[in-house]
Amino acid sequence: DSVVAARGAGIRVVMITGDYLLTAIAIAKNVNILQPSDDVETSAMDCANLRPDGEYLRPEEMDMITRSTRVFARAKPEDKLEIVKSIQRQGQVAAMTGDGVNDAPALNQADIGVAMGIQGTEVAKGAADMVLTDDNFCSIVNAVEKGRSIYAGIQKFVAFIMSVHIAEVMQIFICIVVGIPVMRTPLQILFLILVTDLPPSIALGMEPGEAHILKMRPRPKEEPIVLMWMWLAMIMNGAVLTVVVVAVYLISLINYCDGEVLQSNIYLLDSYEVRLSKAQTVAFISLVWSENIRAYISRSFTNPMWHDIFGNKHMQKAIVMAQICLYVAVLTPYLSDRILGLRGLEIGFFGWALALAGPAGCFILSESCKLISAYQAKKHQDSLSMADTPPAAAPIKVVGSKNVKMAAPVPVQPVKKRWFQCCMGGIF
């Protein structure tokens, strides 16, 4: 099952063994390395065919073989090394597992050398990049899944923190350009960053992997952490937060400042500091609520917010902490009005009800933007799948143990570094 899961994750499992060809084929079929639809004459090979005259085939001929063969039998240590080199020559990432001294050269050459921790020799462990403590191939697949989950968590962390910071900057920028009183003070900005932005973003970094994460295609080595479609999602969601919070702020100014919204006119009103502070408080509360909703939406680029909404316990703790800090900040006398400049006790029912418009608008508009992100994410995965599919090579048929019949060599075009090759140097 782990081999099937690896294949679904874009990992091509290749068995390299010293056993005879028929034995290797039987074992490969038993562990699903060879599928019932595979032609064993082209998918399995005696390594003697890699060096028919004592010398290894030319690189282009070797690449044609290694790109389609899944079982290599009667392999010598130098055969394993040449196979790994051929895989790397095609621009693919090679992981090599092994336990013996004869596996050490290939373990050292591979992009990721994995030695067996129980049966592995000290030489193999020394040549490898990592040691598999339980000698179980399932652990490799689990590690791939965990690694993808961590990487996806970093992407979600960046997407969330960038979108909310874009929104916070744009809100202040609009106020300055239009001539509206700035909607928050420097101390309020610091409070937002440390108390309401940071905990949810950290929780996103610990987000459990999505159920289909092993079905996604391997990413290219040169691919940036934040893709273009993710940048677009961040800008769209930043714009959404900006629009809804600025709208709430404008309505608050109209309500508390006798219909005035421009700074020059508001400063002429009696007790304008108190009036302005009330409007800023409503916008502040609305922004915190909206960012909390945005944190839940950021848990997935494709799934709706309500999908497995309680799946990340760290997110629940972060949001509860942010809410507690919010109410302490806006409702605690002296701290709220004298230090932070907030007046949660004075905005009345209208102010609290108006603040709810922010998260409601954020939910509706951000979920609408997610439809665009989901479409772009699917297009990205489709493009990776197309790039992963190698061009058809001329069929290779193995005859005997010394001769190989091949069509005229076809130049092999290196593919993008997306496929992850796992070569098993032995059976475990």
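**View 1. Surroundings of Thr-281 within helix α12 of the predicted model.** Apart from its neighbours within four places in sequence, Thr-281 is in contact with Gly-341, Leu-342, Arg-343, Gly-344 and Ile-347. Thr-281 is found in helix α12, and its relative accessibility is 0%, so this residue counts as buried, the limit being under 20%. The helix that carries Thr-281 is itself mostly covered, with 20 of the 26 residues of α12 buried. From its first C-alpha to its last, α12 reaches 37 Å, a value close to the 38 Å expected at 1.5 Å a residue.

**View 2. The two sides of helix α13.** Helix α13 comprises the 19 residues 313-331, and the distance of 27 Å from its first C-alpha to its last is close to the 27 Å expected at 1.5 Å a residue. Buried positions in α13 are Met-315, Gln-316, Ala-318, Ile-319, Ala-322, Gln-323, Leu-326, Ala-329 and Val-330. When α13 is seen down its axis, these buried residues fall within an arc of 165°, and they therefore line one face of the helix. On the other side of α13, Lys-313, Lys-317 and Ile-324 are exposed. The packing partners of the buried residues of α13 are α9 (186-205), α12 (272-297), α14 (335-340) and α15 (348-355).

**View 3. The start of helix α13 and the loop that lies between α12 and α13.** At the start of α13, a side-chain oxygen of Asn-312 comes to within 3.0 Å of the backbone nitrogen of His-314. Asn-303 is found in the loop between α12 and α13, and, leaving aside neighbours within four places in sequence, Asn-303 is in contact with Glu-210, His-212 and Lys-370. With Glu-210 there is a polar contact from side chain to side chain, at 3.1 Å. Asn-303 and Glu-210 are 93 residues apart along the chain, and their C-alpha atoms are separated by 9.4 Å.

**View 4. The largest cavity and its lining.** The count of cavities of 30 Å³ or more comes to one, and about 110 Å³ of space lies in the largest cavity. Its lining is made up of 13 residues, of which Ala-233, Asn-237, Arg-294, Ser-300 and Phe-301 lie nearest the centre of the cavity. At least two residues of this lining are supplied by each of α10 (228-256), α12 and α16 (357-388), and the largest share, four residues, comes from α16.

**View 5. The largest pocket and its lining.** About 1100 Å³ of space lies in the largest pocket, which is lined by 44 residues. Of these lining residues, Arg-148, Tyr-151, Arg-217, Pro-218 and Arg-219 lie nearest the centre of the pocket. The elements that each supply at least two residues of this lining are the strands β4 (93-98), β5 (112-116) and β6 (130-132), together with the helices α8 (137-178), α10 and α16. It is α8 that gives the most to the lining of the largest pocket, with ten residues.

**View 6. Helix α10 and the residue Asp-258 that follows it.** The 29 residues of α10 should span 42 Å at 1.5 Å a residue, and this agrees with the 42 Å that separates the end C-alpha atoms of the helix. α10 is followed by Asp-258, whose phi is positive, near 55°. Helix α10 supplies at least two residues to the lining of the largest cavity and likewise at least two residues to that of the largest pocket.

Notes: Residues numbered from 1 in each chain as written. Predicted model: local features only at pLDDT ≥ 70, side-chain atom pairs only at ≥ 80, totals over all residues. Heavy atoms only, no water. Expected span 1.5 Å × (residues − 1). Buried < 20%, exposed > 50% of the residue type's maximum accessible area, 1.4 Å probe, protein only. Arc of directions from axis to C-beta. Contact = heavy atoms within 4.5 Å. Polar contact = N/O pair within 3.5 Å; in protein donor to acceptor, adjacent residues only side chain to side chain. 1 Å grid on protein atoms, 1.4 Å probe; cavity = no way out; pocket = protein on both sides within 12 Å on 5 of 7 lines; lining within 4 Å. Points joined across faces, edges and corners; volume = space filled by probe spheres on them.
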